[in-house]
Amino acid sequence: MKKLFSVVLMLLFICIPLQIPDNTAPVDEVAGVFTSTTVKQVQVTASTVNFRTGASTNHRIITTYKKGTVLDVIGKIGRFYVVKNSKDTVGCVSGNLVKPYTPSTSSDDSNFSAMQNEMLGYINADRKANGLSPLTLTKKLCDGAYLKSKDMAVNNYFSHTSPTYGSPFNMMQSLGISYSAAGENIAINTSVKGAHNAFMNSSGHRANILSKSFSKVGLGFYQKDRSIYVTQWFTN
């Protein structure tokens, strides 16, 4: 009986497959060897990238991400990065369609331009769906929004009133931005899409995004650790 019990245990051990956990659905078996990497985050460089349950194009697609999206890296399997999204779901993306991402402290950095374009796309898609004209992204508003995001991150606060610049309206005026109607949205999130979804699920923030009074927008992002401080400035 002891010998039979040992054989059963050995067979059970051999038959356990290697899998990548998926918090939302059953996961397919992963082919390849998992290795660590010094890369902490990757950014999507293709127009879209598939987020899959395993490290091959044969694995099921969980979702897709647009250009500019930043994902946290856990490791690598072959040419695929094993990554985690903002909902802590683990999956794989092709290393040919992403690049290692290093947070920047410059408002003119191309990484932030990609993030600005991504968020502007979400904003104007929702405005179009509600019969509204698109907003125009302006450099002066973007520069001011970036300063506000940086100020919140560096000075460890989250408020419309800055200890450095005062209210957003005072800050706009001090930067030479003229307006007769203005608004501000702020958020802390781990992705552009996550921040936009949070805004659209809040009545006050949604009202700013879908306001008929605004025709211009500035989008500012500041990375601190793995959090993105987001500021949206709106004017007519």
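**Surface and overall make-up**

I started with the outside: the chain exposes about 12300 Å², and carbon and sulfur atoms supply 55% of that area. Worth writing down straight away that I'm working from a predicted model. Next I looked up burial, and 45% of the 236 residues count as buried. For secondary structure I get 6 helices and 12 strands. I also checked how far along the chain the contacts reach. Taking contacts with a separation of 6 or more, 63% join residues 24 or more positions apart.

**The cores**

Then I went inside. The largest nonpolar core has 24 residues, and the members touching the most others are Met119, Ile209, Leu219, Phe221 and Val230. I asked myself which elements each supply at least two residues of this core. They are α2, α5 (192-200), β11 (216-224) and β12 (227-235). Helix α2 gives the largest share, 5 residues. There is also a second, separate core of 12 residues, with Val42, Phe51, Tyr65 and Leu71 among its members. A general note to self: nonpolar side chains tend to be buried together in soluble globular proteins.

I picked Val230 for a closer look. Beyond four places in sequence, Val230 contacts Met119, Ser149, Met152, Asn185, Ile186, Ala187, Ala195, Phe199, Gly220 and Phe221. Two names on that list, Met119 and Phe221, I had already noted among the core members that touch the most others.

**Arg127**

Is Arg127 buried or exposed? I put Arg127 down as buried because its relative accessibility is 1%, and the cut-off for buried is under 20%. Arg127 sits in helix α2, residues 110-129. What does its side chain reach? I found the backbone oxygen of Ser211 at 3.0 Å.

I listed the rest of the surroundings too, leaving out neighbours within four places in sequence. Arg127 is in contact with Leu132, Ser133, Pro134 and Leu135, and also with Ile209, Leu210, Ser211 and Phe214. Of these, Ile209 had come up in my core notes. I also checked Lys212, which is 85 residues from Arg127 along the chain, and the two C-alpha atoms are 9.4 Å apart.

**Asn189**

Last stop was Asn189, in strand β10 (residues 182-189). Its side chain reaches the backbone oxygen of Gly194 at 3.3 Å. Beyond four places in sequence, I noted contacts from Asn189 to Gly194, Ala195 and Ala198, plus Arg226, Ser227 and Ile228. Ala195 was familiar, as I had it down as a contact of Val230.

Notes:
Residues numbered from 1 in each chain as written. Predicted model: local features only at pLDDT ≥ 70, side-chain atom pairs only at ≥ 80, totals over all residues. Heavy atoms only, no water. Helix = DSSP H or I, 4+ residues; strand = E, 2+ residues; numbered from the N terminus. Buried < 20%, exposed > 50% of the residue type's maximum accessible area, 1.4 Å probe, protein only. Contact = heavy atoms within 4.5 Å. Areas by Shrake-Rupley, 256 points an atom, 1.4 Å probe, with all protein chains shown as cover. Polar contact = N/O pair within 3.5 Å; in protein donor to acceptor, adjacent residues only side chain to side chain. Core = buried A, V, L, I, M, F, W, Y, C linked by side-chain atoms within 4.5 Å.
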